[in-house]
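Visitor: Could you take me on a close look at one part of this model, the place where two neighbouring helices meet, and then show me what lies around them?

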Amino acid sequence: MSSAASFLYIEVNLLCVLICGVILIRCLRSIDKRRKARYFCSMTICFEINFLCDLVWRIIDNHHASTPISLNYLINCLYFSAGTLGCYFWFMYAEISQGGWASRRQRNAWLVLLPALGLIGITIASCRTGWVFSIDENNRYLRGPLHLWQLGLSFAYVLLTSAKALCKAFQKKHFERRMELLSLAAFMLLPLGFVLLQVIYLGQVPTLCMGYTVTLLVVYLNILDQRITIDPLTQVYNREQMVRYLSHKLRSAGEDSSLFLLMLDADNFKHINDRYGHMEGDSALIRIAETLRRTAPRNAFVGRYGGDEFVVIGNAATPAQIRSLCQQIHLALQQANADALVPYQLDVSIGCAIQHPGCVTIPDFIRAADADLYKTKREKKQRS
């Protein structure tokens, strides 16, 4: 490699190290310590090590005569091992995002880790066998017969979860979840094109490093976007996102639009908080949100309006369809209560607003839904 190409390689790698370092520092300083956040942080650490090793390797390759062979072997072992672990942590991050099998039990996560550990073992063994890489008598790096297999099997983690996200994106019944799955599929496919470039150009340009960096940046921006638009407790959209969504729907709707808004209020929520504690109250809100996400029709919007109030926005051809949806929500909550084995009955009161000539703005919708909600709550109290 010429001195100019080598200098470009080092410059690009150094830029990737700095970008990844900034993301890593912000992740480590974050107050979010959930499993999903920990996996993302672990993934970032692995890729940072991968970038640093690639940078040091290029410097070593330029001064191979004065560098110990043992250090060259160590750097390459760390490079491949960190890349493999990064793909594993990436897989687990996506599995948690999708609620996949591997994320449900710690034992499953360990089972998924086994292939990665096997690849790391083969990489370390290459110091003697030359399977993945070798260092010649001139202290030069050479690719081994299993080099592409090592990269390919590592990226199998990415391919599997990417294909899974893409398939599930077209099966989900609600707007916000489908968009999230599509974004997962998109940013997980992104490095694969850079991998092909890395193979084609035989390492003359650190395209794989660039691919990792761009992908990490996309993932991190997606996380920031979720923090802005997603309610942290219930993981449905927040009130600000509801206003943006409803504003867009009202602007694009025609006079014969079938747009509706459901305002849902948890019954006796104060009693649950007072008697069973705020942790149980949080669990009840999460149960309502998960029930709405499962029950809401295709392309519907599910959000938390505030406190114990939620909204569902969608389109329905007839009022009968809306009544049917409300009944489905009540039945689904009954089943959720039975599955959770809680000592209280969790239900919601529902108010509905349907677009018509006198209901064309966001305040109109909220007032109409609130009025119908209070009417429903009064009727429930009278019956009890």
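Guide: Happily! In this predicted model, the α9 side of the helix contact is made by Phe269, Ile272, Asn273 and Tyr276. On the α10 side, these residues meet His278, Glu280, Gly281, Ala284 and Leu285. Sorted by class, the contact of α9 with α10 contains five nonpolar residues, three polar ones and one charged one.

Now for the geometry. Two packed helices are described by the angle between their axes and by the distance between those axes. Here α9 spans residues 269-276 and α10 spans residues 278-295; their axes come within 7 Å and cross at roughly 140°. Angles over 145 degrees would count as roughly antiparallel, and α9 and α10 are therefore oblique to each other.

Let's move on to the strands. Four of them form an open sheet in the order β4-β5-β3-β6, with antiparallel pairing. At the edges sit β4 (301-306) and β6 (348-354), each of which pairs on one side only. On average, neighbouring strands in this sheet are turned by 25° against each other, direction ignored.

Look closely at β3, residues 259-266: seven bridges join this strand to β6, and the two run antiparallel. Within that pairing, Leu264 stands opposite Ile350 of β6.

One more helix belongs in the picture. Helix α8, residues 239-252, lies across β3, β4 and β5 (309-315). Relative to the edge strand β4, α8 runs at about 130°.

Conventions:
Residues are numbered from 1 along each chain as its sequence is written. This is a predicted model: local features need pLDDT of at least 70, side-chain atom pairs count only at pLDDT 80 or more; totals for chains, interfaces and linings use all residues. Side-chain values use heavy atoms; hydrogens and water are left out. Axes are lines fitted to C-alpha atoms, for helices over the stretch in contact, and angles run from 0 to 180 degrees between N-to-C directions. Helices (H or I, at least four residues) and strands (E, at least two) are DSSP runs, numbered from the N terminus. Angles under 35 degrees count as roughly parallel, over 145 as roughly antiparallel, 65 to 115 as roughly perpendicular and the rest as oblique. Contact means heavy atoms within 4.5 Å. Ala, Val, Leu, Ile, Met, Phe, Trp, Tyr, Cys and Pro count as nonpolar, Asp, Glu, Lys and Arg as charged, and the others, Gly among them, as polar. Two strands pair if DSSP finds at least two bridges between them.
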